[in-house]
Amino acid sequence: MSGLIQVLPQSISNQIAAGEVVGRPASVVKELIENSIDANSTNIELFVSNGGKTLIQVVDNGSGMSKNDAKLCFQPHATSKIKAIEDIYNIRTMGFRGEALSSISSISHLELRTKNKDDKLGISIELQGGEIVEINPVGIEQGTSIAVKNLFFNVPARRNFLKSNNIENSHILNEFLRIALIHPEISFSYHNDSKLIHRVEPANFKKRIIDLFGKSFNERLIPIEEEVNEVKISGFISKANFARRNKRDQYFFVNKRFMRNYYFANAIERAYQGLITEKTYPIFFINLEVEPENIDVNIHPTKTEIKFLDEKLIYAVLHAAAKKSLGQFTLSSEIDFEQDQSFFATPLKKGELPKLPKVETNPDFNPFEEKWFKPKPKGTSQLEISNRENWEKFFEEDSKVEERLDIRQSNDSIQFRNKYIITKTTSSVFIIDQEKASERILFEQFSNNNYQNISSQQLLFPYNHFFSPQDSIKILELVPELKEYGFVLEYQKDGSFNILGIPNNINIDEIEVVLEDLIKDLDSDISSTEPMENPSSRRYKMALSMSKKLSIKHGKELDNEEIQGLIGQLFSSNNCEVSPSGHKTMISFDKDGIDKLFG
Ligand code: ADP
Ligand code: MG
């Protein structure tokens, strides 16, 4: 039988290679921008249409190519970046495999225009499925423009696996951010469906982070620096009081290449142990500089995993550097009511440091679940309060309703340290945390679609603000709901928002942080339409986040009427004894309890 083995035609083998390099439009964005960086561009512009499905174009002002190179660059393994095998061990460019352009061109309609500094005229080359269909001279400036149209036009299987434009756009944005972040010396712009999403000018690293992620990052970050023989670390980590509920804003770069590394991330996270709650994570933007020969970027085709020669050492250096930075900055973390024993605790001795608050919440806590309303046997819940039994008695008694009414009508309540309200009934004394109580009240109202306590102030002059593009997309979706909470926002053509109204109890300069935190709190469930009763639903999370943001804060002085209002509303709420996030809103002592305290 004659041979079954055939050498695949070039076009097919290119398409197979394309599968490795080009998973989705975002991979094309990455390869094209990296090529522009390798060509020493100082300005790079990205244009995307329809989630990258119809157009991805990158225009740069870099070295450009000669006419000959322009024709060659689509050949497989065509690269100007390595000449000999030794070069592989000393890679200082982003690309080197010479397979991106051949792969991308084999699965798209591609148009290249390029001119180097020696030629008078540039060259324009059009390809379809990797075949050159047209070549023309063009009069252009030095630099390169590559437009990739109709990606996967000849690979229906891939095309059908593409996700919605929104999802593809968010992958593209991630690639853009990863590259733009660590090349602050280059100016970038990013247009999506003709809307300008980002334009960043040359800056230092910190400024670049702020330009891309928003002004609020300015006060959230502290520098981290360390240098030993094997590695130089530089960048920024978040202060302990700005932890996140997800790991989204954790960026490692190695020699200016984005890298995922859970092991190194753990070195940083461990430095925060005891400073932040479990299941929250620090933010960081860290570049590691190592000798190229000490890493292997070649183990994964899309190169976000990088192998190090000396991982343990780098782990130790990272961990120590993060601890050092954190130590140099004051660790102010909001003291939680539950841990604030200052009422009763013995005063600190001279030179003794106050214990850092440890906030414990019960992950199973769900205020909509019946069991949380009912008294529980002692010792079963983290919400256990010292006088739990008294409480249980209190709520079990038939006189409960009268007692509640009694509290609401009581007029002799006082505010203490602008933080607590002390009130009494005939049989008990209550100390109420005004902030936690207010959260409970608002949460109850929001859960019942009652927003009447929110009054919105209209701003005299609209306040214009650019959110990060990731956030903008989400905020746009939330505009109608935000209005109920008193935020009146209008999306502008240039990608910014005009803020026309805000709830009364927040300040215009807080708006950015409030909305950004909301997005973070909602996390990925932004489009969930689950009913309110489900704690993972968007509506629930939104009510939770907003009740925290719009609550009466510690430090606010309340007049008598406000005090009475707060007490009245609190005791009419379900679950009045705990805040929606599971903290105590009050502690109480009945007369037996007080007698006992006096022995
Ligand atoms: P690699 O980047 O691995 O070398 P590519 O397929 O991405 O391979 O690119 C092939 C070659 O085309 C590059 O080595 C470079 O010489 C040239 N090239 C690609 N993009 C540009 C650009 N924007 N400016 C100048 N030259 C480019
Ligand atoms: Mg390349």
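How many residues surround ligand 1, and which are the closest? The shell holds 20 residues, with N35, T79, S80, K81 and G98 the closest; a residue belongs here if one of its heavy atoms lies within 4 Å of the ligand.

A word on the basis: this is a predicted model, where local features need pLDDT of at least 70, side-chain atom pairs count only at pLDDT 80 or more, and totals for chains, interfaces and linings use all residues. Residues are numbered from 1 along each chain as its sequence is written, chains are lettered from A and ligands numbered from 1 in the order written, and side-chain values use heavy atoms, leaving out hydrogens and water.

Here are polar contacts of the ligand (pairs of N or O atoms within 3.5 Å):

| Ligand 1 atom | Protein partner | Distance |
|---|---|---|
| oxygen | A100, polar backbone atom | 3.2 Å |
| oxygen | L101, backbone N or O atom | 2.9 Å |
| nitrogen | T144, side-chain N or O atom | 3.3 Å |

Taken alone, ligand 1 exposes 530 Å², and the protein buries 93% of that (Shrake-Rupley method, 1.4 Å probe). Helices α2 (25-38) and α4 (100-106) each give two or more residues to the shell; helices are DSSP runs of H or I with at least four residues, strands runs of E with at least two.

Now to a sheet. Four strands form an open antiparallel sheet ordered β16-β17-β18-β22, where pairing requires at least two DSSP bridges. Its edges are β16 (414-416) and β22 (586-590). Five bridges join β18 (residues 428-433) to β22, and F430 stands opposite S588 in β22.

Methods. Polar contact = N/O pair within 3.5 Å; in protein donor to acceptor, adjacent residues only side chain to side chain.
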